[in-house]
Structure formats: structure tokens, C-alpha cells
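Student: I am new to this structure and would like to understand how its labels are earned. Could we take them one at a time, with the reasoning spelled out?

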Amino acid sequence: MGVPRDPDLSPGEPHIRRTARDLRARLDELGGVVVGASLSRIPEYARAGDDFRRAHRAGTEHALRGFLDILEGRTDRVAWRAAYRAIGAGEYRAGRSLQALHASIRVGARMGWRQLLGFAESESLPLPVLREVTDAIWTYVDDLVDAATEGYSQAGGAEAGELERRRLRLLDLLMADPPASDAAVLDAAALARWALPRRVAVVALERATAQASPPVLPPDVLVDLDRPEAVLLVPDPDSHGQIRMLVNTLRGHRAAIGPAVPTAAAGNSLRWARRALSLACRGIISAGDAPVWCQDHLALLTVYQDEMLLDCFIGQRLQPLERLRAAQRAVLAQTLLSYLQHNLNATAVGADLHLHPQTVRRRLRQLDNLFGDQVQDPLQRFELQVALWADQTRSAERRSDAPTAGPEVGVGAVPRAGVPGV
């Protein structure tokens, strides 16, 4: 006989009615047998305390009553499914496994079936009746397992969603400007189940690529890919493991990794990472398909903190070059920067730029006429070098914006070592 999915046993069947009535009279005994078998055979349940044992006994008796209701033709399928969804949710929140709950239901079914066989033998139940009741048991068990699984999964999904919201709230607090209070951060971290580290780094990612191909990250990294620049907050970023993780995970993403800072200063790391990402997108910082590490570009980030002020500074310090044609201005700027970088050594300039000494001397005379004593004054020499270096960093951006090829105003990229003190 096939097993119906939702059995509808006839209430007029006298043998089935009598079976249900007699089993209900023995419900307390039957519940004790089933609970005892579960506790002895399922390790998770054997270790549980008295509160769980009482709840398990109540759930078992509820399931047995639901089955007897089916036999008597007065089942409320909605009610007992709701009850077992609640039981499944409770098991998830208690930290017990779904496998243990499934095992408990099936152990109970086997013990109940054995009791039924003894009863059938003593009462000489007809075989067709025993077969029908047996089919009803296993169909009912399948439905209990399905309802419990649904409740367990829903509770897990709800908790995961709530935990994600708490982690996003924590991320907002950590990166707030001005910083949130220590108490608020500690409370939010506890709710998010996130251990506060000593130091963090914030990663800014280009949102489109981050959403199209989300990076796979360990659970200790806080993530928000829905911001204008997607962000990651990485704990203990100086460790070899985290550095390796960032290199491998961010390969192929346009990203900038902020400096490692105390946790309370995460907003600063975010601000610097965003600035570095903006400069990388403009071609001012070149990193290929690797992420930009802010710690490798601190001088550049310092100079670019206020670009309007930087424009004013460059315009003032390099004003003598403005009277020249663009091509001549680029050549002399390149020569002057090399001259300053090599401590005013004309021979070193010739080697650096692959120029004939006479060409170097001619250019230096032109520069002397333009800048006069500025090259000899230590402070003005320093400012000139910074202004020239900052102007050079924009050459890539100017090339990408130029509609056609032509003479460059800048003189190409310069290494970080070109900035005094870096």
C-alpha cells in the first residue's frame, strides 16, 4: 500500500479508533519510553540539563497526541506543524544541531512503532489495520521532520540577518566622524559577536567591481558593499595572515588599503583609503591590478589632502616656469627636479637624464635666470622639490584626459624617493 502524504484515516474504522483510544490511555508511559530512548542514544541530549529534559518530554507528548488525533480523524495539521516549527527554532537558538532533532524524532517513531506492535499482538489487530497505522506513523514522522527543519532554518536565517545588521551598525560606529563613544562601540561589538582588536585597517573598494564579484572574506572582517565606495574593516592588519588574505582576496579589484590605526581611529584609515582609491582611479597612483597600500604613498596622500591648496602651492612655487612654452616648461621642470634630487650635482643630473654635460649646463643657466637664489635657500629648495614632485604626479592624469597626443606639461612619474624625507 502506498503511503499517503496527508493521511485521512476514516474515523468510522472501529479498530483504528480503539487503537488510538487505548494508546492515549498509555500516553504517559509511552512518552517516558520515547524520551528515555532519545536521551540514551543522542549524545547532545544526554548532556543536556533538566530544563531541556522537561521541554523534550513536553514536545514528545505533543507529537504523540498529534499522531493520535490523526488516527481519530480530528487532526489539526496547521497547529502541530506550527508547534514543531517552534521546536526547530528553539533548538537552533539553544545551539543544538538539526541532526540531533531529526534523530530524536526518528528514535521516537521507532519506539512508538515497537509499542504499537506489542499492542497489535495483544489485541489481535487485523493486518490491514496495522499496515494503515504503520503508514500513518512514518508519514507523520516525515511531516514532523519537515516542520522542524523549516523552523530551524527560519531561525538561523533570522539570526544571521540580525547579526549582519548588528555588524553593519558596529561598522558605522567604528568609522563615525567624530568617533563614537567607547561604551557605544563596546556594546555594539558585543551584540555583533565581534572581538575588538587593538588595530584595524579600512579598505575602500570600487563599488561596481565589488558588487559584481564580491570578495570572499573571513568572518572577522566587517563588510559593507553598498556604500558609494564599498568598505572592509580588517582587524589586526599587520599580521602575515591578514596581509596574505588581502593580497589574494583583492587581486583584480580596484581597492586601497588604509594604514593600520588604533581601532578608535578607523575613520581616519577610511578617509585615507578613499583618497588613495580616488587618486588610483585618476591614474595619479599606479598599482596595476594589485590593491594600493596607503602606507606606500603617505607623502602623496599628505600632499593631496587639499587639492585647491596644492594647486595654489604649485602655482606659486613654479610661477617662473609659466612664462615658457609647454614643451620647454616640461624639460626645465624635469631638469630642476633631478638637480634638486641629486643635491645640486650637475654630473649626476646628466647621468640621470642621459644628457650631455653641455646640455645640462645650458639648462641650469636658464633655471638660474628663472629662479635665482631660490635654489640656494634650503627651505625654498625643499618647497621647490615638493612642488615639482606633486606636479609630476599629475602627468598620468593629464595624459589620460588629453584628446590627442601632444607635448606634456608634466615630466613623467617620479619615484617616492624623489620627495625629501621620504
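**Labels and the values behind them**

Tutor: Let us begin with D236, which has a relative accessibility of 42% and counts as partly exposed, because that label covers values between the 20% limit for buried and the 50% limit for exposed. Please keep in mind throughout that this is a predicted model.

Student: Where is D236 found, and what is notable about the phi of D236?

Tutor: D236 is found in the loop that runs between β3 (229-235) and α10 (240-249). Its phi is near 45°, a positive value in a residue other than glycine. Most residues other than glycine have a negative phi.

Student: Why is N343 called exposed?

Tutor: The relative accessible area of N343 is 67%, and since exposed means over 50%, N343 is therefore exposed. This residue lies in the loop between α14 and α15 (346-353), and N343, too, is a residue other than glycine with a positive phi, in this case near 55°.

Student: What makes T335 a buried residue?

Tutor: Buried means under 20% relative accessible area, and T335 has 0%, so the label buried applies. T335 is found in helix α14, which spans residues 326-341, and, leaving aside residues up to four places away in sequence, T335 touches V349, L353, R363, L364 and L367.

Student: How do you know that the side chains of T335 and R363 are joined by a polar contact?

Tutor: The two side chains are joined at 2.9 Å, and a polar contact requires a pair of N or O atoms within 3.5 Å, so the value for T335 and R363 satisfies the distance limit.

Student: Why are α14 and α17 called oblique to each other?

Tutor: The axes of α14 and helix α17 (residues 378-393) come within 10 Å and cross at roughly 130°. Roughly perpendicular ends at 115 degrees and roughly antiparallel begins over 145, so the two helices are oblique to each other. Their crossing is left-handed.

Student: Which residues make the contact of α14 with α17, and how do they divide by kind?

Tutor: From α14 come A333, Q334, L336, L337, L340 and Q341, while α17 contributes R381, L384, Q385, L388, W389 and Q392. These residues divide into 7 nonpolar, 4 polar and 1 charged.

Student: What kind of peptide bond joins D177 and P178?

Tutor: D177 and P178 are joined by a cis peptide bond, with omega about 5°, and P178 lies in the loop between α7 (127-174) and α8 (182-191). Most peptide bonds are trans.

Note on methods. Residues numbered from 1 in each chain as written. Predicted model: local features only at pLDDT ≥ 70, side-chain atom pairs only at ≥ 80, totals over all residues. Heavy atoms only, no water. Helix = DSSP H or I, 4+ residues; strand = E, 2+ residues; numbered from the N terminus. Buried < 20%, exposed > 50% of the residue type's maximum accessible area, 1.4 Å probe, protein only. Polar contact = N/O pair within 3.5 Å; in protein donor to acceptor, adjacent residues only side chain to side chain. Contact = heavy atoms within 4.5 Å. Axes fitted to C-alpha atoms, helices over the stretch in contact; angles between N-to-C directions. Parallel < 35°, antiparallel > 145°, perpendicular 65-115°, else oblique. Left-handed = near helix turned anticlockwise from the far one by under 90°. Nonpolar A, V, L, I, M, F, W, Y, C, P; charged D, E, K, R; others polar.
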